[in-house]
Amino acid sequence: DGPDGVITEDDQDYLTDKADNHYGLGLNFGTSYKNISLSVVMGMSFGGQGSVEGAARKRAETYSNKPAFWSDHWTPENTNAAYPAPEFSDTYDRESSFWFKSSYSFRVTNFNLSYGLPQKVAQRIGINSAKVFLIGTNPINFFNPYNYRDNASAYNVYPNLTTFSLGVNVGF
C-alpha cells in the first residue's frame, strides 16, 4: 500500500542501527620505579549512539529538577534556543535523532599510587616496613558526552562518587 497521508505511530522507523556502545576496552597497567609504584584501571566504550534519556527530557515538576541544558529552551524572546519549549512534552518526549549523542566515553576508574620507605630507613626507626599510598576511585573522566550527568550512571540517580584515600601501612 502507498502512503495514506496521515502520520501515525505506524509510520515510525528505526532511527539508527546502533544503540549505546558496541565496544568496550579496559586498560589496566602498572609501573614502578625504585620505591614508587602506580597502578591504573581505565575504561573506554565506543561504537554507538546514546540518547538523552526520557527522564531528563521530561518537563520539570515541583518534585523533580531538570538538567541545566533546559535553561536554553525556546521562548518568544529566545527563538534561537538549542532546545524546544518544555511545555509541549508530546512533541519533544518522543525518541528522535535530535536527542542522539555519541556515546563514546573514557575514564579512569581507579588508581593506586604508593611509596615504600627504604628497608634501611624503616629498620632505623624500629619497623620492618612502611608504605604510604594514595588511592583514587572515579577520579578522572576524560570524555563524557553528557554535560548534565556522569557517564557511568543515569540522570535521575545518585551519581558515582569520586573518592580519594590516603593511608599508611606499617609492618612491625
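Lysine 34 sits in the loop between strand E1 (23–33) and strand E2 (36–46). In this predicted model, lysine 34 has a positive phi of about 55 degrees although it is not a glycine. With a relative accessibility of 71%, lysine 34 counts as exposed. A positive phi, near 55 degrees, also occurs at asparagine 138, again a residue other than glycine. Asparagine 138 belongs to strand E6 and, at 16% relative accessibility, counts as buried.

**Salt bridges**

Side chains of opposite charge can pair when their charged atoms come close. How many salt bridges does the count come to? The count comes to two.

One of them joins the side chains of arginine 149 and glutamate 53, at 3.2 Å from N to O. Arginine 149 lies in the loop between E6 and E7, and glutamate 53 in the loop between strand E3 (49–51) and H1, so this pair ties together parts that are 96 residues apart in sequence. Arginine 149 counts as buried at 17% relative accessibility. Glutamate 53 has 19% relative accessibility and counts as buried because the limit is under 20%.

Aspartate 150 forms a salt bridge with arginine 107, and their closest N and O atoms are 3.0 Å apart. Aspartate 150 is placed in the loop between E6 and E7, while arginine 107 is in strand E5, so the pair ties together parts that are 43 residues apart in sequence. Aspartate 150 is buried, its relative accessible area being 16%. Arginine 107 is buried as well, with a relative accessible area of 9%.

**Surroundings of tyrosine 146 and arginine 57**

Tyrosine 146 is located in the loop between strand E6 (129–143) and strand E7 (163–171). Is tyrosine 146 buried or exposed? At 8% relative accessibility, tyrosine 146 counts as buried. Leaving aside neighbours within four places in sequence, tyrosine 146 is in contact with Gly50, Ser51, Val52, Lys101 and Asn151. Tyrosine 146 and lysine 101 are separated by 45 residues in sequence, yet their C-alpha atoms are 7.9 Å apart in space.

Valine 52, one of the residues in contact with tyrosine 146, also has a polar partner: its backbone oxygen lies 2.6 Å from a polar atom of the side chain of arginine 57. Arginine 57 is part of helix H1 (residues 54–57). At 4% relative accessibility, arginine 57 counts as buried.

**Aromatic pairs**

A pair of aromatic rings is described by the distance of the centres and the angle of the planes. The structure holds 14 aromatic pairs, including the two tabulated here.

| Aromatic pair | Centre to centre | Angle between planes | Geometry |
|---|---|---|---|
| Tyrosine 83 and phenylalanine 98 | 5.9 Å | 85 degrees | edge-to-face |
| Phenylalanine 111 and phenylalanine 164 | 6.3 Å | 55 degrees | tilted |

The pair of tyrosine 83 and phenylalanine 98 links distant parts of the chain, 15 residues apart: tyrosine 83 is in the loop between H1 and helix H2 (89–92), and phenylalanine 98 in the loop between H2 and strand E4 (100–102). Tyrosine 83 is buried, with a relative accessible area of 19%, whereas phenylalanine 98 is partly exposed at 45%.

In the pair of phenylalanine 111 and phenylalanine 164, the former lies in strand E5 and the latter in strand E7, so the pair ties together parts that are 53 residues apart in sequence. Phenylalanine 111 is buried, with a relative accessible area of 14%. Phenylalanine 164 is exposed, its relative accessible area being 51%.

Which residues form one aromatic cluster? The cluster is formed by Phe69, Trp70, Tyr83, Phe98, Trp99, Tyr146 and Tyr148.

**Nonpolar surface patch**

Ile36, Leu113, Tyr115, Val132, Leu166, Val168, Val170 and Phe172 make a nonpolar surface patch of about 810 Å². Strand E5 (105–116) and E7 each supply at least two residues of this patch. E7 gives the largest share, three residues. Leucine 113, one of the patch residues, is found in strand E5. Leucine 113 has a relative accessible area of 36% and is partly exposed; this value allows leucine 113 to belong to the patch because patch residues need over 30% relative accessible area.

Notes. Residues are numbered from 1 along each chain as its sequence is written. This is a predicted model: local features need pLDDT of at least 70, side-chain atom pairs count only at pLDDT 80 or more; totals for chains, interfaces and linings use all residues. Side-chain values use heavy atoms; hydrogens and water are left out. Helices (H or I, at least four residues) and strands (E, at least two) are DSSP runs, numbered from the N terminus. Buried means under 20% relative accessible area, exposed over 50%, partly exposed in between (1.4 Å probe, protein chains only). A polar contact is a pair of N or O atoms within 3.5 Å; within protein, one must be able to donate a hydrogen and the other to accept it, and residues adjacent in sequence count only if both atoms are side-chain atoms. Contact means heavy atoms within 4.5 Å. Patches are made of residues with over 30% relative accessible area and no salt bridge: like charges are joined within 9 Å, nonpolar side chains (Val, Leu, Ile, Met, Phe, Trp, Tyr) within 5 Å. Accessible areas come from the Shrake-Rupley method with a 1.4 Å probe; for residues, only the protein chains shown count as cover. A salt bridge is a side-chain nitrogen of Lys or Arg within 4 Å of a carboxyl oxygen of Asp or Glu. Rings of Phe, Tyr and Trp (its six-membered ring) pair if their centres lie within 6.5 Å; planes under 30 degrees apart count as stacked, over 60 as edge-to-face and the rest as tilted.
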